Amino acid sequence: MSGLHVVVTDANLVPLRDELVARLPGGTEVSWAVGLAPDDTAAALRDAHVLVGPELTPAMAAAAPALRLVHVAGAGTDRVDPSALRPGVVVANTFHHERSIAEYVTWAAIDLRRDLHLADAALRTGLWRSSVYDRSLPQPQTLGAARVGLVGFGHIGSACWRALSAFGATGRAVTGRGGVDASSVGLEWAGGVDALPRLLDESDVVVVSVPLDERTRGMVGAPELARLGTDGVLVNVARGPVVDERALYEALAARTIRGAAVDVWYSYPGPDGQAAPAALPFHELDNVRMTPHLSGVTRQTFLGRVVDVAANVTALAEGRPLERVVALRPEEVPA
């Protein structure tokens, strides 16, 4: 019998509540505190040992004196306030979205290189938009003929490369540390961020998957997009501001790049899901595929996360070391 009290505040886990509960050790109490007002959330946390959710504020922490584990059911821990963590409270995260994101990237690259979205829109009006009927249209290129550039080669970038390479594409990558062994993963070459200009010069499809920080904010701007060129497409599954908003809009509007798929944006809505994703009118352009940060949102993503959460709750109950622990306090960061 674990005797642990787990409070879940992540709405994405509600469709998998049975799967989560079934994997927890016997005697675990589970409270679903999704969408509650702050006072009600605080009440739910009063005797919680584990919080499964995206956020921990000082007020939430003060309401949970028995808290031992904050498990984010996702990669990002930016909403967990380090100042709210008492000594002994551990933060963990989980991933499992890389395969779903790789599917999205593959779809986007094929769609943009072959203008499938334009063919769909045209046929709805009776126009057969194809080089078979319109000799002014070039014959499209397969994904196997693409030169792929990966800006970032972590769990997302590498999963995207495995998917794209299956079609026969060639690849190259740049990373912050520049430590990727290109030959071992089938890339033509890999380097540090100083090799970004070369990567853009040599790529038809560029996939951006680096974390957002002060080093990566705006790392893809007007000069970089100009290097990608008029046949190049960009797929951003990182964070919106990694790619400069105005530079991207102007490159798309002027068609100095072929197109872009953007799943991550410059502004986000509240709980009602209503908000413009950017200050500039990307929605008026026909060479951008706009999606609302859904590339990693699949049942399989969250099922994998449920398994990880349950495994860590079980480890906590049994006094074993936890997995995927994230260091948020300065004293936890290795020198």
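**Figure 1. Close-up of S158 in helix α6.** S158 counts as buried, because its relative accessibility is 15% and the cut-off for buried is under 20%. The model shown here and in the other views is predicted. S158 sits in helix α6, which covers residues 155-165. The side chain of S158 has a polar partner in the backbone: one of its polar atoms lies 2.7 Å from the backbone oxygen of G154.

**Figure 2. The buried residues of helix α6 and their cover.** S158 has company in α6: the buried residues of this helix are I156, G157, S158, A159, C160, W161 and L164. Which elements cover them? Among those that do are α4, β6 (147-151), β7, α7 and β9 (205-208). An α-helix has 3.6 residues a turn, so residues three or four places apart point the same way.

**Figure 3. R23 in helix α1 and its contacts.** R23 belongs to helix α1, residues 17-23. With a relative accessible area of 38%, R23 is partly exposed. The backbone oxygen of E19 lies 3.1 Å from a polar atom of the R23 side chain. Leaving aside residues up to four places away in sequence, R23 touches L303, V306, V307, A310 and T314. V313 gives a sense of the separation along the chain: R23 and V313 are 290 residues apart in sequence, yet their C-alpha atoms are 9.4 Å apart in space.

**Figure 4. The salt bridge between E55 and R79.** The side chains of E55 and R79 meet in a salt bridge, at 3.6 Å from N to O. E55 lies in the loop between β3 (50-52) and α3 (58-62), and R79 in the loop between β4 (69-71) and β5 (90-92), so the pair ties together parts that are 24 residues apart in sequence. Are these two residues buried or partly exposed? E55 is partly exposed, at a relative accessible area of 30%. R79 is partly exposed as well, at 44%.

**Figure 5. The salt bridge between E188 and R172.** Here the N to O distance between the side chains of E188 and R172 is 2.8 Å, and the two form a salt bridge. E188 lies in the loop between α7 (182-185) and β8 (189-192), while R172 is in strand β7 (residues 170-175), so the pair ties together parts 16 residues apart in sequence. R172 is buried, with a relative accessible area of 2%. Strand β7 also appears in Figure 2, where it is among the elements that cover the buried residues of α6.

**Figure 6. The salt bridge between R255 and D286.** R255 and D286 join through their side chains in a salt bridge of 2.5 Å, N to O. This pair links distant parts of the chain, 31 residues apart: R255 is in the loop between α10 (245-253) and β11 (259-262), and D286 is in the loop between β11 and β12 (288-290). R255 is partly exposed, with a relative accessible area of 45%. D286 is partly exposed too, at 38%. How many salt bridges are there in total? The count comes to 16.

**Figure 7. The second largest pocket and its lining.** This pocket has a volume of about 610 Å³. Its lining is made up of 26 residues, and R113, R114, D115, P138 and R258 lie nearest its centre. The elements that give two or more residues to the lining are α4 (98-114) and α5 (116-123). Which of them gives the most? That is α5, with four residues. By type, the lining divides into nine nonpolar, eight polar and nine charged residues. Two of the residues nearest the centre, D115 and R258, are linked with R129 in a network of salt bridges.

**Figure 8. The whole chain, for orientation.** The protein chain has 11 helices and 12 strands. Its C-alpha atoms fill a box of roughly 70 × 50 × 35 Å along the principal axes. Of its 335 residues, 48% count as buried. Among contacts with a separation of 6 or more, 65% are between residues 24 or more positions apart.

Note on methods: Residues are numbered from 1 along each chain as its sequence is written. This is a predicted model: local features need pLDDT of at least 70, side-chain atom pairs count only at pLDDT 80 or more; totals for chains, interfaces and linings use all residues. Side-chain values use heavy atoms; hydrogens and water are left out. Buried means under 20% relative accessible area, exposed over 50%, partly exposed in between (1.4 Å probe, protein chains only). A polar contact is a pair of N or O atoms within 3.5 Å; within protein, one must be able to donate a hydrogen and the other to accept it, and residues adjacent in sequence count only if both atoms are side-chain atoms. On a 1 Å grid over the protein atoms alone, a cavity is a set of points where a 1.4 Å probe fits but cannot get out, and a pocket is an open set with protein on both sides within 12 Å along at least five of seven lines; lining residues have an atom within 4 Å of a point. Grid points are joined across faces, edges and corners, and a volume is the space filled by probe spheres set on the points. Ala, Val, Leu, Ile, Met, Phe, Trp, Tyr, Cys and Pro count as nonpolar, Asp, Glu, Lys and Arg as charged, and the others, Gly among them, as polar. A salt bridge is a side-chain nitrogen of Lys or Arg within 4 Å of a carboxyl oxygen of Asp or Glu. Contact means heavy atoms within 4.5 Å.
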